[in-house]
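Open the model in your viewer and keep the selection panel handy. Could you walk me through it, stop by stop, telling me what to select and what I will find there?

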Amino acid sequence: MSSTAIHHTLEHSGHGHDDHGHHHETFLTKYIFSQDHKMIAKQFLITGIIMGVIGMFLSILFRIQLGWPDQSFPLLETFLGKWAEGGRIKPDFYLALVTIHGTIMVFFVLTAGLSGTFSNLLIPLQLGARDMASPFLNMLSYWFFFIASVIMMSSFFIESGPASAGWTIYPPLSAVPQAIAGSGLGMTLWLISMVFFIASSLMGALNYISTILNMRTKGMDLWKMPLTIWALFLTAILGVLSFPVLVAGVVLLIFDRSFGTSFYLSDLVIQGQVMPQQGGSPILFQHLFWFLGHPEVYIVIMPALGITSEVIATNSRKPIFGYHAMVYSLIGITILSFIVWGHHMFVTGMNPFLGGVFMITTLIIAVPSAVKTFNYLATLWRGNIRFTPAMMFAIGLVSFFISGGLTGIFLGNAALDINLHDTYFVVAHFHLVMGSAAIFGMLCGVYHWFPKMFGRMMDDKLGYLHFWLTFIGAYLVFFPMHFMGLDGVPRRYYAFTEFEFMKEWLTVNTFVSWAAIVAALGQIAFLWNFFNSIFNGKKATQNPWQSNTLEWTTPVEHIHGNWPGEIPSVYRWPYDYSKPGHDEDFILQTTPFSETMSSNLPHDFEGNAEAERIQLEWERQHQAEKV
Amino acid sequence: MTAITMKNSFEQDRVNLRPKKFLMWLFIITSFMLFAALTSGFIVYTAGDPSRGIKMLLPSVFNYSSVAIILSSITMHLAYKSAKELKFSSQRLYLLLTLALGVIFFVLQVSAWKSFIASGVYFVNPNASQSFLYVLTGTHLLHIVGGLAVLINAYRGSVKNIVQYRNLFKMELASIFWHFLDILWIYLYVFLLLNQ
Ligand code: HEM
Ligand SMILES: [Cu+2]
């Protein structure tokens with residue numbers, strides 16, 4: 001197959017603008033069944049935001065229960081009917097809320113909403129491609145995600161309520177309908193929804209990988225790719241390798257639920273009745289789940305880290321510190337994340353030797369994570385920082401990644417984990433390091449690339465308001481949970497009023513609930529800013545952040561195919577900010593070295609002797625003129 | 001201007017099939033991971049207790065079905081070679097043979113299930129190692145159904161005399177996928193033989 005010179009159009013004639021060109025678009029093909037990656041990115045983003053709002057609303061409902069367990073809220077009964085009889089949320093429904101909150105946030109917001117949006121937007125734009133490898137598959141990927149979202153939400157409208165076994169759906173609870181109302185039809189819907197979701201993720205990931213490896217513009221070798229692309233690339237690889245394993249786990253669960261097999265079930269007695277299934281192993285499910293589950297948490301955080309790298313470099317007006325180290329640590333995280341899953345299973349009766357092995361691999365994965373953190377700090381160090389809202393969120397991510405990562409090191413210790421497992425300490429850990437950090441990365445990306453997506457700017461003042469409310473709110477919500485966890489307060493409990501030693505935490509819970517409510521209200525600033533700016537924001541210029549990457553060379557008005565003429569070639573890496581000797585503090589990737597003679601450095605030429613000779617010649621002449 | 005340039009380069013993207021072929025390889029990696037997970041699951045489960053395990057001899061039907069699918073790989077290769085040499089009628093003939101062998105494989109696998117049942121090895125079974133037999137072969141059969149669809153698609157293209165480069169592309173996709181299914185079955189069979 002001939003395959004070189006992908007983007008090199010053979011003829012380029014004339015200039016001018018012609019944007020009602022090559023094919024006809026209807027409302028349906030432009031906005032609904034669009035195959036244009038920029039539109040699909042917006043579809044993912046807006047669906048992700050809606051799911052995020054729903055997930056947040058669910059968390060406020062269960063925070064009300066945790067903060068005021070003895071109080072009745074008649075309004076709840078009006079909305080929730082029998083699930084909140086007498087104005088108090090029922091225990092079963094509380095578990096359903098926690099389950100769907102976790103599922104929505106991890107999968108629908110921080111996987112599809114984050115990767116889906118930014119992979120679709122940035123991969124073709126930052127690499128210089130007209131579109132994805134398969135635009136059709138890309139469209140399908142969005143619509144599968146949409147269907148998955150609808151099915152997941154539909155479980156709120158059935159008699160027995162949504163799935164209630166936690167986002168990790170451990171059997172036997174998830175496998176036996178008699179065990180809890182949510183394990184009936186609700187669980188079935190959960191499983192169907194996830195099948196669509198996984199299909200969507202895989203279609204997306206296959207497309208991203210193929211596009212990155214095959215469709216880069218001329219000059220864009222792998223080591224000239226922005227870190228966003230590296231992160232999205234490795235995220236997609238993680239998805240391809242880990243989601244099929246979840247499929248295996250889920251398929252066996254479906255057989256256990258619907259066909260009566262016993263892969264996971266054994267020795268169950270429910271309400272005095274012995275269940276027929278014998279011989280299964282519930283631990284098998286945990287292995288299959290966490291083999292996906294741990295890579296999944298990195299699927300969530302890596303795109304956020306990539307976005308942050310880009311935004312921090314741009315707004316510190318400095319090259320990213322340790323570009324190669326950043327890439328290698330992403331690769332390291334990708335590989336290591338497949339051999340640490342056992343740290344979620346330390347207390348399942350695992351062989352202590354095996355526990356030790358998982359402990360060591362877990363602690364090793366902290367190294368590349370720390371490398372990334374130090375590189376962010378070193379990039380910020382003495383930078384010429386511009387505190388745009390995107391930059392604030394990027395710095396927020398670094399803060400959460402540090403404070404949440406530190407507690408990971410405690411949890412990774414097999415002996416300490418005996419105490420800490422399934423307590424609020426774990427909840428604090430992952431909400432900081434994954435929940436807060438990744439959502440900050442996502443918001444950072446939204447603020448930064450909004451002008452690229454919608455051609456308009458978001459309002460800065462609302463952005464700052466949103467940042468401070470969310471940043472302080474998140475710490476006030478999650479930090480106290482460390483102390484609850486250290487005291488042994490278990491997660492996923494309905495109320496703490498029944499146990500003497502937990503009663504003293506009630507005031508803390510009330511405080512946390514208030515903080516959560518305020519932070520949730522803070523999101524209104526974002527929602528208003530986002531939707532209002534789409535229509536009324538200030539018109540964006542082509543390169544509002546004076547950034548180096550290719551997406552800012554496309555016209556503000558979107559066109560199908562991204563660049564009106566030929567796709568630009570790339571000559572340099574993306575981080576030439578504040579390069580000494582250059583008259584501006586940024587140099588686009590499309591600027592050849594021949595136009596920047598005053599700032600070129602010997603290593604820019606990667607050993608090209610001819611270029612070095614020309615440069616020396618130029619410098620000698622220049623010196624002569626000066627004298 | 002530009003409308004022409006852009007149209008050209010869209011056209012090139014459409015004609016450039018390498019990224020699309022690459023998608024097929026990536027898909028193969030995902031299904032490989034699925035089977036890696038299932039077989040690892042089998043190992044983890046079976047190692048958990050001495051009362052677990054396949055605990056029977058695999059039926060001899062599997063030998064026949066293995067022969068069928070290996071032969072189908074050979075005919076697939078011949079079909080691809082004929083397509084490359086522009087011998088379209090023999091391309092179609094070999095494709096049909098491959099399809100037929102694929103269907104024979106399918107039927108033989110289903111008859112293997114019948115012989116499982118005859119020897120009292122059911123899907124619903126307190127020894128889930130035996131249920132795994134059904135899951136592994138069944139998941140593979142689902143892939144075979146997909147493979148047959150890809151083959152039919154290639155056959156239809158050839159009958160409709162589509163442009164040669166598209167014809168070759170379809171044939172390439174079909175042969176990559178079909179050989180993968182062949183190798184996958186051999187892997188599964190050897191895996192099961194080692195564990196019987
Ligand atoms: C410094 C590196 C990290 C270490 C050593 C670490 C360690 C751990 C350990 C040992 C657990 C299990 C605790 C238990 O259930 O008893 C855990 C839970 C968790 N971690 Fe981390 N972690 C690290 C970073 C991260 C990152 C970067 C993320 C996500 C982006 C993350 C997300 C999670 C989640 C979601 C859970 C809880 C899952 C659940 O049970 O629902 N962790 N972590
Ligand atoms: Cu983990």
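**Stop 1: the copper site**

Begin by selecting A:His294, which counts as buried because its relative accessibility is 6%, under the 20% cut-off. Bear in mind throughout that this is a predicted model.

Now add the copper ion (ligand 2) to the selection. Its protein donors are A:His294 through ND1, A:His343 through NE2 and A:His344 through NE2, and they lie 1.9 to 2.1 Å from the ion. Along the sequence these donor residues follow the spacing H-x48-H-H. Colour the chain by element here: A:His294 sits in helix H8 (residues 282-316) of chain A, while A:His344 belongs to the loop between helix H9 (323-336) and helix H10 (352-380), so this pair ties together parts that are 50 residues apart in sequence.

**Stop 2: across to the iron**

From the copper ion (ligand 2), draw a distance to the iron atom of ligand 1; your viewer should give 4.6 Å. Which residue is the only protein donor of that iron atom? Select A:His429, whose NE2 is 2.1 Å from the iron. A:His429 is part of helix H13 (residues 424-454) of chain A.

**Stop 3: the largest cavity**

Stay with H13 of chain A, as it leads on to the next stop. The structure holds five cavities of 30 Å³ or more, and the largest has a volume of about 1,100 Å³. To centre your view on the largest cavity, select A:Ser59, A:His101, A:Met105, A:His431 and A:Phe478, which of its 45 lining residues lie nearest the centre. Helices H2 (37-67), H4 (91-127), H13, H14 (460-486) and H15 of chain A each give two or more residues to this lining. H13(A) gives the most, with 12 residues. Coloured by class, the lining shows 31 nonpolar, 11 polar and three charged residues.

**Stop 4: the second largest cavity**

Next, select A:Thr111, A:Ser115, A:Ser201, A:Ala205 and A:Tyr208, the residues nearest the centre of the second largest cavity, which has 19 lining residues. About 180 Å³ of space lies inside this cavity. H4, H6 and H7 of chain A each supply at least two lining residues, and the largest share, six residues, comes from H6(A). How do the lining residues divide by class? Here you will find nine nonpolar, 10 polar and no charged residues.

**Stop 5: a pocket lined by both chains**

Bring chain B into view and select B:Phe27, B:Thr30, B:Ser31, B:His143 and B:Phe177. These lie nearest the centre of the second largest pocket, among 44 lining residues. The volume of this pocket is about 1,500 Å³. Chain A contributes at least two residues from each of helices H5 (135-154), H6 (185-214) and H7 (227-258), and chain B does so from each of H2 (18-47), H5 (128-159) and H6 (164-195). With 10 residues, H5(B) gives the most. The lining comprises 32 nonpolar, nine polar and three charged residues.

**Stop 6: two last residues**

While in chain B, pick B:Gln109 in helix H4 (residues 88-118). B:Gln109 counts as buried because its relative accessibility is 1%. Beyond its sequence neighbours within four places, B:Gln109 contacts B:Phe62, B:Ser65, B:Thr137, B:Leu141 and B:Trp185.

Finally, return to chain A and select A:His582, in the loop between helix H15 (506-536) and helix H16 (609-626). Its side chain makes a polar contact of 3.5 Å with that of A:Asp583. Leaving out residues up to four places away in sequence, A:His582 touches A:Ile587, A:Thr596, A:Ser598 and A:Ser599.

Key:
Residues numbered from 1 in each chain as written. Chains lettered and ligands numbered in written order. Predicted model: local features only at pLDDT ≥ 70, side-chain atom pairs only at ≥ 80, totals over all residues. Heavy atoms only, no water. Donors = N, O, S within 2.8 Å, 3.2 Å for Na, K, Ca; no water. Helix = DSSP H or I, 4+ residues; strand = E, 2+ residues; numbered from the N terminus. Polar contact = N/O pair within 3.5 Å; in protein donor to acceptor, adjacent residues only side chain to side chain. Contact = heavy atoms within 4.5 Å. Buried < 20%, exposed > 50% of the residue type's maximum accessible area, 1.4 Å probe, protein only. 1 Å grid on protein atoms, 1.4 Å probe; cavity = no way out; pocket = protein on both sides within 12 Å on 5 of 7 lines; lining within 4 Å. Points joined across faces, edges and corners; volume = space filled by probe spheres on them. Nonpolar A, V, L, I, M, F, W, Y, C, P; charged D, E, K, R; others polar.
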